[in-house]
Amino acid sequence: MTVGVGDTESEKFEYKILGPLEVVRDGRPVAVRAAKQRALLAALLVDANRVVPVDTLIARLWDEPPDGARNALQNYVLRARRTLGGSARGPIRTCAQGYAIDVPEDALDLHRFDALVDAARVAGIPRAAEIPRTAETARAAERASALLGEALALWRGEPLSDVPSERLRQEVVPALNERRLSALELLTDADFRLGRHGDVLPRLRELTAAHPLQERFWAQRMLALYRAGRQGEALDCYSTVRALLLDELGVDPGAELWRLHQQILTADPALAAPAPPDSPHGPRTEGNLPAETTTFVGREAMLRKTRKLLDGARLVTLTGPGGVGKTRLALRTAAEASWAYPHGAWLADLAPLTDPGLLDRVVADALGIPDQSLRPGTDVLIEHLRERRLLLVLDNCEHVAEAAAHLLGILLCAAPGLRVLATSRQGLRVPGEYLLPVPPLAVPTDRGEPPTLERSEAVRLLADRAEACAPHFRITARNQDAVGRLCRRLDGIPLAIELAAVRLGTLSAEEILERLDDRFRLLSDTGAAQPGAARTGRRHQRTLRGVVDWSHDLCDERERRLWAGVSVFSGGFDLAAAEAVCPGADRPWEEVVDVPREDDAVDVPREDVVDVLAALAHKSVLTVDTTGSRARYRMLETLRQYGQSRLGELGREVPLRRRHCAYYGDMAARAAARWCGPDEVAWLSRLRLETPNLRAALDFSVSGEGDAAAGLAIAANLTRTRYWFFSSSLGEGRLWLTRALDLAPDAPVPLRVGGLALAAWIALCQGDQPAAERFLAGAVRLGEGATDGETLGVLAYMEGAFAFLAHGDPAAVALLARARDRFRAAGLVGDAHMASMMWAMAAAFLGEREHALAAGREYVTEAAAHGAGWAHSWGLWGMGLAELRHGDPHRAVGLFRDSLRRQRGIGDRWGPVWGVEAMAWAATATGDHAHAARLFGAAARLLRTTGVALGGLKPLHDAHVLAERLVRGVLGEGAYASAFAEGVGSREPVRLALGGR
């Protein structure tokens with residue numbers, strides 16, 4: 001908002017005409033109730049900063065001017081000045097020929113709209129062709145799209161919809177609407193140039209329905225359909241518009257539309273979608289911001305202010321009480337600003353985080369950083385961020401504020417291209433931090449007509465949310481006063497308004513007010529004795545607590561129980577989890593969790609859970625995402641914390657957390673038991689989705705009230721499923737194993753032996769041989785005298801793996817074969833498969849030709865027979881290794897490529913490191929030395945990115961050294977260095993290995 005012109009520089013006016021007329025002074029709405037005053041202000045604002053002749057104003061105010069119209073006009077000008085208030089003269093000034101309203105830059109939404117559209121026209125003009133093929137033109141199109149999106153967001157409905165002026169409605173409003181349609185056409189063009197032909201189809205369907213005779217929108221819709229592979233529908237569109245034009249206007253389609261029709265008929269290559277543009281930063285990254293599921297209402301000024309702060313500040317923290325809308329504002333700001341960050345805008349939600357020590361790993365997970373190394377998580381983040389330009393949204397920092405401040409202080413110093421938009425109930429106290437308090441939504445003044453009410457952000461949000469659950473609700477003369485009082489009573493807090501809106505389907509606004517007033521009287525305290533800012537914050541907290549209490553009271557007993565019960569979940573949950581963790585009569589976890597049968601304080605009958613979840617979603621306590629194969633439920637953090645407080649009051653938090661831990665422990669155990677089967681990739685994906693809940697279960701198990709042995713079992717089973725490898729979080733897996741081992745000295749011997757052996761396995765893969773030796777020695781010592789097949793198999797496996805990877809000892813082949821046989825005898829299919837994999841690899845590296853090839857064939861046949869996608873990819877890799885070292889190197893290339901393609905397809909982050917490395921060995925063996933050098937560079941990039949220490953894995957290290965030495969000798973140092981650098985600089989190392997560049 002900009003300072004207005006007047007006798008005092010403290011006045012700040014903002015005017016809006018792209019919808020109902022709205023005037024704001026110093027952040028508060030100005031009620032312009034008189035119809036003629038609204039018409040006068042609108043008549044001046046459409047020609048802001050220009051003198052509007054008296055005759056023009058009279059024509060705009062009256063269809064048939066009365067006698068004495070000039071005197072009446074003077075009277076309305078005087079009243080309008082009084083309504084606007086402020087300085088003596090105010091923004092309306094008298095001129096010789098008429099009147100003018102002085103509007104500073106950016107104070108009128110129409111001016112902002114025009115400026116943004118003009119900037120988009122300049123930014124988005126392609127230099128030589130319609131479709132940009134360079135990074136520069138792609139960035140220009142991105143910026144144009146973002147600017148046009150920001151411009152169109154200023155429209156709140158039909159321009160001047162509450163202004164009683166027929167002249168303005170006939171002469172001005174159509175021109176304004178035409179400007180909006182032109183901006184929509186430009187936005188679609190910009191999106192086309194970015195290859196977003198699928199994204200624009202819903203918009204174009206609406207535009208052709210609303211403006212059926214506008215050929216330009218039909219042309220864009222036809223092009224979008226054609227590029228989406230729907231040529232028949234594109235041709236049908238032409239038939240439709242042709243018939244419309246003939247029926248309505250008696251004309252045929254214009255030349256442009258006819259030409260496009262011919263191009264579609266002949267599949268003209270000129271209509272092809274744009275090729276991905278080159279970029280000096282590599283391919284543009286979209287980030288991971290979630291899509292909005294409800295409309296974003298109001299906050300235009302806060303959005304502009306936040307964007308402006310981000311332009312100049314490295315860290316902006318949005319502060320305010322729970323429920324005030326910090327997260328929604330941050331996500332919308334990030335989405336609108338994302339075009340400026342070539343490496344994307346990323347969300348890291350810290351709400352599920354319980355251990356501040358895992359903050360760096362949570363942020364790394366959110367950024368999609370693969371890392372298997374021993375390096376501290378902060379170092380991994382620094383390396384990833386140092387040369388990138390991205391925006392990080394760090395949401396819900398308040399409970400880990402100190403850790404967040406420490407981490408951001410380091411990252412912002414080390415990564416100059418990093419911008420951070422944080423949300424917290426308190427500042428983080430990081431040097432250079434800009435604090436931006438997020439106020440509640442603007443509420444209506446004490447009295448106002450419906451148009452005045454609807455200009456209030458709080459009322460607009462109430463009406464918008466009520467439409468979904470109370471479609472017949474309308475603001476009328478009867479309820480307008482109650483609606484205004486309701487929004488004021490809720491202090492404009494968005495979460496409180498959304499919870500109240502749900503009730504408009506069954507209660508009137510007046511009835512809701514009565515119940516809220518009763519609730520707030522119970523919550524009144526001595527806040528009036530506090531300082532102003534503290535008193536306001538305390539009141540907002542009290543208001544939200546009152547609304548949440550009231551929403552809770554309006555739930556039935558089953559809903560209240562389940563609200564409390566599902567608050568134990570972190571990061572969301574599905575129906576099966578809710579049924580298992582919060583059951584009633586059917587208690588599948590009763591034997592695992594000590595919960596007295598007679599105490600059903602949070603239990604809901606299992607068969608009722610789905611209905612109760614639906615009821616909580618209908619009441620906006622839960623949100624539901626049905627885009628995946630399983631519906632996913634989430635709870636806003638404020639409501640989750642409320643549920644946890646209720647759970648604590650019931651004395652049921654610990655029993656429910658035990659039940660939660662048991663459920664996710666069983667999930668990890670089932671995943672491990674089904675490893676090396678047709679569902680292994682699905683299990684890996686499911687485990688990754690449940691990462692917050694798995695972390696919560698692990699954290700509880702190592703707390704004073706949990707069971708460390710249960711945590712050890714979870715960590716061990718996740719390691720057996722290769723979860724930590726698949727998720728590039730070996731360091732975290734090792735952390736949980738060692739913590740649980742330290743806290744569970746009395747756990748069953750097989751479990752402790754397995755935990756120590758798996759910790760040794762992770763340390764060995766990280767290249768930390770001394771730690772691997774310590775863990776293995778502990779496992780051997782503890783397992784002395786064991787007779788069970790699982791313990792004997794684990795010890796044989798680790799001894800064989802250590803002999804193979806650490807020492808390159810041929811005895812590893814027999815040890816691993818013995819481990820495989822023992823696992824098979826114990827019925828441990830997944831563990832037997834891993835032993836087979838290592839056995840086949842050891843045979844390829846250390847065995848004789850016939851045995852190596854036979855082992856490779858046996859292993860790949862076993863993996864294929866099990867229908868296991870991940871295992872089969874490694875079977876192909878093992879067979880390729882056997883062919884490379886003992887058979888046909890050319891056949892090895894095809895096997896490695898097939899393996900790599902499969903691993904990329906399932907999102908494996910560990911396998912491609914070795915796939916690209918092995919492709920480099922194969923290229924060396926087939927004589928393609930220049931390509932081998934490029935692949936060595938690409939592999940080095942992956943090794944550095946993931947933090948894998950090749951030196952600690954002797955056979956692989958030796959193969960690397962031998963092949964690299966050969967390539968260097970053939971090419972010479974200069975040519976090798978040049979090709980190696982090309983590989984290191986490859987945008988996509990895996991794509992390079994698969995034949996791309």
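These legends accompany several close-up views of a predicted model.

**Figure 1. The whole chain, for orientation.** Before zooming in, here is the full chain of 997 residues, 56% of which count as buried. It holds 45 helices and 14 strands. If we take the contacts between residues at least 6 apart in sequence, 72% of them join residues at least 24 apart. The exposed area comes to about 40,900 Å², with carbon and sulfur atoms supplying 51% of it. Mean pLDDT is 82, and 89% of the residues reach 70 or more.

**Figure 2. The largest nonpolar core and a second, separate one.** The largest nonpolar core has 223 residues, and those touching the most other members are Leu-392, Leu-394, Trp-761, Tyr-797, Trp-914 and Trp-921. Helix 37, spanning residues 829-846, contributes the most to this core, with 12 residues. A second core, separate from this one, has 80 residues, among them Phe-13, Tyr-99, Val-172 and Tyr-226. In soluble globular proteins, nonpolar side chains tend to be buried together.

**Figure 3. The surroundings of Tyr-797.** Here we pick out Tyr-797, one of the residues that touch the most other members of the largest nonpolar core. Neighbours within four places in sequence are left aside in this view, and the contacts of Tyr-797 are then Arg-722, Trp-761, Leu-816, Ala-819, Phe-823, Met-834, Ala-835 and Met-838.

**Figure 4. Helix 32 and what covers it.** Helix 32 runs over residues 730-743, and its 14 residues reach 20 Å from first C-alpha to last, close to the 20 Å expected at 1.5 Å a residue. Its buried residues are Leu-730, Gly-731, Glu-732, Gly-733, Arg-734, Trp-736, Leu-737, Ala-740 and Leu-741. The cover over these buried residues includes helix 14 (359-366), helix 29 (691-701), helix 30 (708-720), helix 31 (723-726), helix 33 (749-765) and helix 34 (769-782).

**Figure 5. Asn-396, a buried loop residue with positive phi.** Asn-396 sits in the loop between strand 10 (390-395) and helix 16 (401-414). Asn-396 counts as buried because its relative accessible area is 12%, below the 20% cut-off. Its side chain makes a polar contact of 3.3 Å with that of Asp-395. Not counting residues up to four places away in sequence, Asn-396 touches Asp-349, Leu-350, Ala-351, Thr-423 and Glu-637. Phi of Asn-396 is near 65°, a positive value in a residue other than glycine. Most residues other than glycine have a negative phi.

**Figure 6. Arg-429, an exposed loop residue with positive phi.** Arg-429 lies in the loop between strand 11 (418-424) and strand 12 (433-437). Its phi, near 60°, is positive, and Arg-429 is not a glycine. Arg-429 counts as exposed because its relative accessibility is 81%, over the 50% cut-off.

**Figure 7. Two stretches to view with care.** Over residues 126-133, pLDDT stays under 50, and the model has 14 contacts beyond four places in sequence for this stretch. Residues 585-601 also have pLDDT under 50 throughout, with 34 such contacts in the model. Where pLDDT is low, the predicted coordinates should not be read in detail.

Notes:
Residues numbered from 1 in each chain as written. Heavy atoms only, no water. Core = buried A, V, L, I, M, F, W, Y, C linked by side-chain atoms within 4.5 Å. Buried < 20%, exposed > 50% of the residue type's maximum accessible area, 1.4 Å probe, protein only. Helix = DSSP H or I, 4+ residues; strand = E, 2+ residues; numbered from the N terminus. Contact = heavy atoms within 4.5 Å. Expected span 1.5 Å × (residues − 1). Polar contact = N/O pair within 3.5 Å; in protein donor to acceptor, adjacent residues only side chain to side chain. Areas by Shrake-Rupley, 256 points an atom, 1.4 Å probe, with all protein chains shown as cover. pLDDT = per-residue confidence, 0-100.
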